[in-house]
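Please open the model in a viewer and keep the selection panel at hand. The stops below are arranged so that each selection leads to the next.

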Amino acid sequence: MFITGKKRKKMREWSAELAVDGVVKCGYPGVVVVQGEARACDEFVRRLRGLGWSAMSVRLAEDDEDEENGDFVLNGSDKFSASASRGLRRGWSEIGEDGGMSALATVLRDAGLDRFMSAALRQNV
């Protein structure tokens, strides 16, 4: 999942519009993690699917039933969703191709979302 500037711009706009937090790791494999209210995360992913990817799928999705929050992670052709702890930094952030998976692992570990990194690395869904 190579993520173009146009797609990254859309993700930033949608993040603000839908009040979801997230991070995108550009390059290959591309990974997107989204956290927020479950309906907003679902809408974010619906829109993301419409951008024309060669492959994209959900690897992990979790909802917090009490707060109706959900989190989603997209890896290359894969989408994930995280727990409602809202551990990601508020707003939207990007990790460039040079940052690599180790930079994403650090962001997710610091947010208490290690399980999403594990899901992103799975080869078979």
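The tour begins with the whole chain and then proceeds element by element.

**Conventions and overall view**

This is a predicted model, in which local features need pLDDT of at least 70 and side-chain atom pairs count only at pLDDT 80 or more, whereas totals for chains, interfaces and linings use all residues. Residues are numbered from 1 along each chain as its sequence is written, and side-chain values use heavy atoms, with hydrogens and water left out.

Select the entire chain and colour by pLDDT, the predictor's confidence in each residue, from 0 to 100. The chain averages a pLDDT of 80, and 78% of the residues score at least 70. Next, switch to a cartoon: the chain has four helices and six strands. Helices (H or I, at least four residues) and strands (E, at least two) are DSSP runs, numbered from the N terminus. From the N terminus on, the order of the elements is α-β-β-α-β-β-β-β-α-α.

Buried residues account for 50% of the 125 residues in the chain. Here buried means under 20% relative accessible area, exposed over 50%, and partly exposed in between (1.4 Å probe, protein chains only). A contact means heavy atoms within 4.5 Å. Of the contacts between residues at least 6 apart in sequence, 62% join residues at least 24 apart.

**Where to read with caution**

Select strand 5 (residues 78-81), which has the lowest mean pLDDT among the elements of the chain (45), and then helix 1 (residues 5-18), which has the highest (94). Extend the first selection to residues 77-85: pLDDT stays under 50 there, and the model has 58 contacts beyond four places in sequence for this stretch. Where pLDDT is low, the predicted coordinates should not be read in detail.

**Strands 1 and 2**

Select strand 1 (residues 21-25) together with strand 2; the two run antiparallel and are joined by five bridges. Two strands pair if DSSP finds at least two bridges between them. For one of the bridges, pick Gly 22, whose partner in strand 2 is Val 34. The two strands form a hairpin with five residues between them, and Gly 27 in the turn has a positive phi of about 95 degrees.

Now display the surroundings of strand 2 (residues 31-37): six of its seven residues are buried, so the strand is largely enclosed by the rest of the structure. Within strand 2, select Gln 35. This residue counts as buried because its relative accessibility is 0%. The side chain of Gln 35 reaches the backbone nitrogen of Leu 88 at 3.0 Å.

**The aromatic cluster**

How many aromatic pairs does the structure hold? There are two. Rings of Phe, Tyr and Trp (its six-membered ring) pair if their centres lie within 6.5 Å; planes under 30 degrees apart count as stacked, over 60 as edge-to-face and the rest as tilted.

Select Trp 14 and Phe 44, an edge-to-face pair at 6.1 Å centre to centre with 90 degrees between the planes. Trp 14 lies in helix 1 and Phe 44 in helix 2 (residues 38-49), so the pair ties together parts that are 30 residues apart in sequence. Then add Trp 92, which forms a tilted pair with Phe 44: 5.4 Å centre to centre, 40 degrees between the planes. Since Trp 92 belongs to strand 6 (residues 92-95) and Phe 44 to helix 2, this pair ties together parts that are 48 residues apart in sequence. Trp 14, Phe 44 and Trp 92 form one aromatic cluster. Both Phe 44 and Trp 92 are buried, and Trp 14, at 11% relative accessibility, also counts as buried.

**Strand 6 and helix 3**

Move to Ser 93 in strand 6. Its C-alpha is 4.7 Å from that of Val 23, although the two residues are 70 apart in sequence. Not counting residues up to four places away in sequence, Ser 93 touches Gly 22, Val 23 and Val 24.

Finally, select helix 3 (residues 100-110), in which Gly 100, Leu 104, Ala 105 and Leu 108 are buried. What covers these buried residues includes strand 1, strand 2, strand 6 and helix 4 (114-121). Which category, buried or partly exposed, applies to Arg 109? Arg 109, which lies in helix 3, counts as partly exposed because its relative accessibility is 46%. Helix 3 is followed by Gly 112, whose phi is positive, near 75 degrees.

Methods
Polar contact = N/O pair within 3.5 Å; in protein donor to acceptor, adjacent residues only side chain to side chain.
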